[in-house]
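Trainee: Could you walk me through a model and show me how to read its features?
Mentor: Gladly, let us look at it together.

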Amino acid sequence: MKNTYILSTLIIALSFNLTFAQNDGISSSTEKKYDKLSYVETTKELLKLIEKGNKTPEVYKKLANSYYFNTKMEDASKWYGEMFKLDAVVEYEYYYRYAMSLKAIGDYEGANANMKKFAALKPNDSRAILFSKSPNYLETIESLSGDFELENLDLNSRFSDFGTSFYKGGIVFASSRGDGKLYKWNEQPFLDLYYKANDSSTVTPLSTVINTKYH
């Protein structure tokens, strides 16, 4: 009986250690949340791991991705940067994501440096080809910048508003401004379509047939 107890204890200990060793200390529950795109919850749990000293490439990668896919580029660039500081072997896609997050916060020099690395690793990728054809894209943007003036519409909310199309004397757009079920990806309500007539200041849901409790 004593030997059986010792053996069982060893098996449990080994299983526990293997679970965390394979995932760089990331628990299975956090892995599941990440796989289910629950990025807001994932970031909270991964930040706690880092606070405890668990600073591995896998933790940094998943944390940066969670911010990147919620377009929180300042946080994304920070943690991609920490990942690359470890000089670990990473997939080519991370050079692209790091470049995009740096570009979003105005670090064009850093963005271009990482796009060059990405292009060297994946020269046949359409994104690499486009960058190689227009490496001085900032000059092109600058030359066109006087031709357009952007204005913020009064219908914009603190939630995601995008995808505008003209429709029946007004506009239709997607928004997460509703008060329904929350989407785990960003912990905002699921997207619905909304309508605003040109001669009205009121925004209304487009259709109860189209809009559901999910996107």
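Trainee: Which residues of α7 meet which residues of α8?
Mentor: To read a helix contact, list the partners on each side. In this predicted model, N112, M115, K116, F118 and A119 of α7 meet R127, A128, F131 and S132 of α8. By character, the residues of this contact divide into five nonpolar, two polar and two charged.

Trainee: At what angle do the axes of α7 and α8 cross?
Mentor: Look at the axes next. Helix α7 spans residues 108-121 and helix α8 residues 126-133; their axes come within 9 Å and cross at roughly 125 degrees. The two helices are therefore oblique to each other. As for handedness, α7 passes α8 in a left-handed crossing.

Trainee: And what is the angle between α2 and α3?
Mentor: The recipe carries over. Helix α2 (residues 28-35) and helix α3 (residues 39-51) pack at about 145 degrees, and their axes are 8 Å apart. The crossing of α2 and α3 is left-handed. On the α2 side we find S29, T30, K33 and Y34, which meet Y39, E41, T42, E45 and L46 in α3. The residues of that contact divide into three nonpolar, three polar and three charged.

Trainee: Now the strands, please. How many bridges join β1 to β2?
Mentor: For a strand pair, check the direction and the bridges. Strand β1 (residues 161-167) and strand β2 (residues 170-175) run antiparallel, joined by five bridges. To find your place along the pair, note that D161 stands opposite S175 in β2. The hairpin of β1 and β2 has two residues between the strands.

Trainee: What is the phi of K168 in that hairpin?
Mentor: Here is the background: most residues other than glycine have a negative phi. K168, a residue other than glycine, has a positive phi near 45 degrees. Its place is in the loop between β1 and β2.

Trainee: Is K168 buried or exposed?
Mentor: K168 has a relative accessibility of 67%, so it counts as exposed, the cut-off being over 50%.

Trainee: Where is T71 found, and what is its phi?
Mentor: T71 is found in the loop between α4 (57-68) and α5 (73-85). Although T71 is not a glycine, its phi is positive, at about 55 degrees. With a relative accessible area of 62%, T71 is exposed.

Trainee: So for a positive phi I should check the residue type, the place and the accessibility.
Mentor: Exactly, and you can follow those steps on screen.

Notes. Residues are numbered from 1 along each chain as its sequence is written. This is a predicted model: local features need pLDDT of at least 70, side-chain atom pairs count only at pLDDT 80 or more; totals for chains, interfaces and linings use all residues. Side-chain values use heavy atoms; hydrogens and water are left out. Axes are lines fitted to C-alpha atoms, for helices over the stretch in contact, and angles run from 0 to 180 degrees between N-to-C directions. Helices (H or I, at least four residues) and strands (E, at least two) are DSSP runs, numbered from the N terminus. Angles under 35 degrees count as roughly parallel, over 145 as roughly antiparallel, 65 to 115 as roughly perpendicular and the rest as oblique. A crossing is left-handed if the near helix is turned anticlockwise from the far one by less than a right angle, and right-handed if clockwise. Contact means heavy atoms within 4.5 Å. Ala, Val, Leu, Ile, Met, Phe, Trp, Tyr, Cys and Pro count as nonpolar, Asp, Glu, Lys and Arg as charged, and the others, Gly among them, as polar. Two strands pair if DSSP finds at least two bridges between them. Buried means under 20% relative accessible area, exposed over 50%, partly exposed in between (1.4 Å probe, protein chains only).
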